[in-house]
Structure formats: structure tokens, C-alpha cells
Amino acid sequence: MKKLYKHQTTDIFAYVLEEQRALVIENIFGEQLEIPLYSVFFKYFPAEKGLKIVAVDETPADVIDLFFQVLRDVTGLAYQYSIGQVLTVELEGQVLHTETVSLQSKTRKTLLIATRNEGKTREFKAMFSQLGYDIKNLNDFPELPEVAETGMTFEENARLKAETISELTGEMVLADDSGLMVDVLGGLPGVWSARFAGEHATDAANNAKLLHELASTAVSPEKRKAKFHTTLVVAAPGKSSLVVEGEWPGSIATIPRGDDGFGYDPLFVDEETGRTAAQMTLEQKNKVSHRARALQNLLKEWPEWLRQ
Ligand SMILES: O=P(O)(O)OP(=O)(O)OP(=O)(O)OC[C@H]1O[C@@H](n2cnc3c(O)ncnc32)[C@H](O)[C@@H]1O
Ligand SMILES: [Mg+2]
């Protein structure tokens, strides 16, 4: 039976398999992880029962914590544990078992994102860290070429970035093409968001141009409606790419507010909270942003796509 376990960073599903006595840990992409098989897993789990844990956060400490949650559930006994260099198991105040453990995660993987934008990269790093992935971007590979964003749509540009870099490296690669779409400007700057004030424009120059464009045409807040858009593409050798998107509704402020984030963040007002994206912490922005929503959509499809 599928059961939801509340866990530090996220909800986790665990399954008890009657027919098989095995501990299998998977990340949310359905990929099996190598985990340290502490003997405690076998010693205390009822011999006739197997266990399958679908873990999102897969550091050994989390695996152990999750294991004990499930163990208590399945046996109905109040097993306690404490963990430092040594894992100690207690039942009703009596020490039952001690075992030396290493809490160093052995299971982290690396994903290359085809971007040179460090603002995006920071956000992806935080989001993917919970999924057991370390992130690299193109600034880590100076030998890789610039990919010209010649497309007319977010999808075309994200495909260009992901597929070109995947072909060159032979690796699975994620790309993000994103931008700000302002209603009264007919969806501009859109795919031209990074170059709104000209090729290699700074964030400050782009923001100044946006305020200038809206100064005469859009005085009232309803006229300043806008959304952030992200299209994500994952490309891998021999596969047709996976494409998803995410949007974040809001409006454009009349003066910049806040110091966090990047790009148009000081001018983009979140519809829900009235704060600009630059007035949010990275963690707050990562709960609601276009990029976060696109990643949620990606995670729904990624496991199935990987199996194809
Ligand atoms: O192409 P890469 O190397 O990924 O980096 P880039 O900065 O050129 O990225 P895009 O081509 O996707 O252009 C998107 C622009 O839209 C803006 N943008 C996208 N997401 C944003 C966000 O979360 N906050 C603020 N501005 C954002 C920002 O100015 C980006 O430069
Ligand atoms: Mg770009």
C-alpha cells in the first residue's frame, strides 16, 4: 500500500512489498540509487516483509530517518535512533544495536545546464540540490561555444541550447529559455528579454528601458500586467527532447524594489504577495516562480521520459 511520509524537505512515498525482502531506494526520476546498506536495515525489518522507499532527498541521514519512520509504522514498535559517527537503536530505553556509519552522501549526481546566467544557475542549484543533483553550467566549460539564440520562440531557443550542448558533450543537458511578457507591449520583451536594451545589455539597462516603455502607455496598475515565462528542454543522445513550461503572473512596478535575484526581478511584482521578485529570498522565489513551476512540470514527465 502506498503511504505518504512527511519528511524534512519534502513528502516521500514509501511502499511495503510483501513478496520481496529488499530495500530499494529510488530518487524521483525513478533511478535506483546506490545507498550504504547498513545492517540495521535488515536486522530490524521484519523478515517476511520487503520495503521499497521512493526517496526524494537521498543523503544517508535522510535514508536512515525515513527507514525508522517506516519501521515504526510497520512493526507498531517505538524504535528510536540517534546518529553521529555511530548509529544507535533503542527500544523502550534499551540499546539494541550500534553501528558505525558514514553520513557522506555517495549518491549525488551532476547535471549540466546549458546556461551562462549565474542568476538562473543559483536557483536551479537550490532546486536540484534537494533532488540529489549538483549543477554545473557553461561557465564551468569555457571550451564549449556560445549557442546563438536565433529562434523566434522560447522553445526554439531552449532546444538550440540543450540539443547543441548535448550533442557536443554526449551528456544529458537541461536548458532554460525564459523572459518577461508584458501585456500592453504585446508580450515583449519575451524572447528578447536578455537583449531588450541591445546586444549584451546589462540588467539595469533592460530595466530602465522597460520603465521607459511603460511610462506613457501604462499608468494604472491594471495596464502593467505581465508574466514571467520559462520553457525547459532536456536533451540526451538518441532521444527526442522533453519540453515543458511554467508561468508566473504579476505586474510591473513603477520603481525598482529589492536587492535579491537578477534580471527584471526588482520590477516584477508577484500577483499573490505584492512583493517584487527581488524582495523575496531565493527560497521564497523558488516556491512560486516560472522556473519552479516549469521544474514541477518537468518532474512529472522526466521519469517516464528517462525510461523510454
Ligand atoms: O541563455 P542563457 O545562457 O541561459 O542566459 P540568458 O540570460 O541569456 O537567458 P535567456 O536567453 O533565457 O534570457 C532570459 C532573460 O529574461 C530575464 N529573466 C528570465 N528569468 C528571470 C527571472 O527569474 N528573474 C528576472 N529576470 C529573468 C533575464 O533578464 C534573462 O537574461
Ligand atoms: Mg540567452
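This text leads through the fold, a group of paired strands, one helix, the ligand shell and an annotated residue.

The model is predicted. Its protein chain holds 7 helices and 13 strands. Of the 308 residues in the chain, 32% count as buried. Contacts between residues at least 6 apart in sequence include 58% that join residues at least 24 apart.

The strands β10, β11, β12 and β13 can be taken in turn. Strand β10 covers residues 173-182 and is joined to β11 by 10 bridges, with the two strands running antiparallel. Within that pairing, G179 stands opposite H229 of β11. Strand β11 spans residues 225-235, and its pairing with strand β12, residues 242-252, is also antiparallel, over 10 bridges. Two positions show how β11 and β12 line up: F228 faces W248 in β12, and K227 has P249 of β12 as its bridge partner. The hairpin formed by β11 and β12 has 6 residues between the strands, and in this hairpin G238 adopts a positive phi near 75°. Strand β12 also pairs with strand β13, residues 268-270, in the antiparallel sense over 3 bridges. In that pairing the bridge partner of G250 is D270 in β13.

Strand β11 thus has β10 as a partner and β12 as another. Of its 11 residues, 9 are buried, so β11 is largely enclosed by the rest of the structure.

Part of the cover over helix α4 comes from these strands. Helix α4 runs over residues 154-169; at 1.5 Å a residue its 16 residues should span 22 Å, and the end C-alpha atoms lie 23 Å apart, which agrees. The buried residues of α4 are F154, N157, A158, K161, A162, E163, I165 and S166. An α-helix has 3.6 residues a turn, so residues three or four places apart point the same way. The elements that cover the buried residues of α4 include β8 (109-113), β10 and β11. Just after α4, G170 takes a positive phi of about 75°.

What does D177 touch, leaving aside residues up to four places away in sequence? The contacts of D177 are F154, N157, A158, K161 and T231. Of these, F154, N157, A158 and K161 are among the buried residues of α4, while T231 falls within the residue range of β11, 225-235. D177 itself is found in strand β10. D177 has 27 other C-beta atoms within 10 Å, and 20 or more is the cut-off for burial, so D177 is buried. An unreviewed UniProt entry lists D177 under "active site", and the unreviewed entry also lists D177 under "binding site".

Ligand 1 has 22 residues around it, of which T115, N117, S193, A194 and G263 come nearest. By residue class, the shell around ligand 1 divides into 6 nonpolar, 9 polar and 7 charged. Strand β10 supplies the largest share of this shell, with 5 residues.

Elsewhere in the chain, F128 gives a contrasting case. F128 lies in helix α3, residues 118-129. Is F128 buried or partly exposed? F128 has 19 C-beta neighbours inside 10 Å, so F128 counts as partly exposed. Leaving out residues up to four places away in sequence, F128 touches L111, Y133 and I135. One of these, L111, falls within the range of β8 (109-113), an element that helps cover the buried residues of α4. F128 and H97 are 31 residues apart in sequence, and their C-alpha atoms are 35 Å apart in space.

Taken together, β10 is a recurring element in this account. Strand β10 holds D177, pairs antiparallel with β11, helps cover the buried residues of α4 and gives the largest share of the shell around ligand 1.

Methods:
Residues are numbered from 1 along each chain as its sequence is written. Chains are lettered from A and ligands numbered from 1 in the order in which they are written. This is a predicted model: local features need pLDDT of at least 70, side-chain atom pairs count only at pLDDT 80 or more; totals for chains, interfaces and linings use all residues. UniProt positions are given in the numbering used here, feature names are shortened, and annotations may be inferred rather than shown by experiment. Helices (H or I, at least four residues) and strands (E, at least two) are DSSP runs, numbered from the N terminus. A residue is buried if 20 or more other C-beta atoms lie within 10 Å of its own, exposed if 12 or fewer, and partly exposed in between; C-beta atoms are placed from the backbone. Two residues are in contact if their C-beta atoms, placed from the backbone, lie within 7 Å. Two strands pair if DSSP finds at least two bridges between them. A residue is near a molecule or strand if its C-beta atom, placed from the backbone, lies within 6 Å of it. Ala, Val, Leu, Ile, Met, Phe, Trp, Tyr, Cys and Pro count as nonpolar, Asp, Glu, Lys and Arg as charged, and the others, Gly among them, as polar. The expected span of a helix is 1.5 Å times one less than its number of residues.
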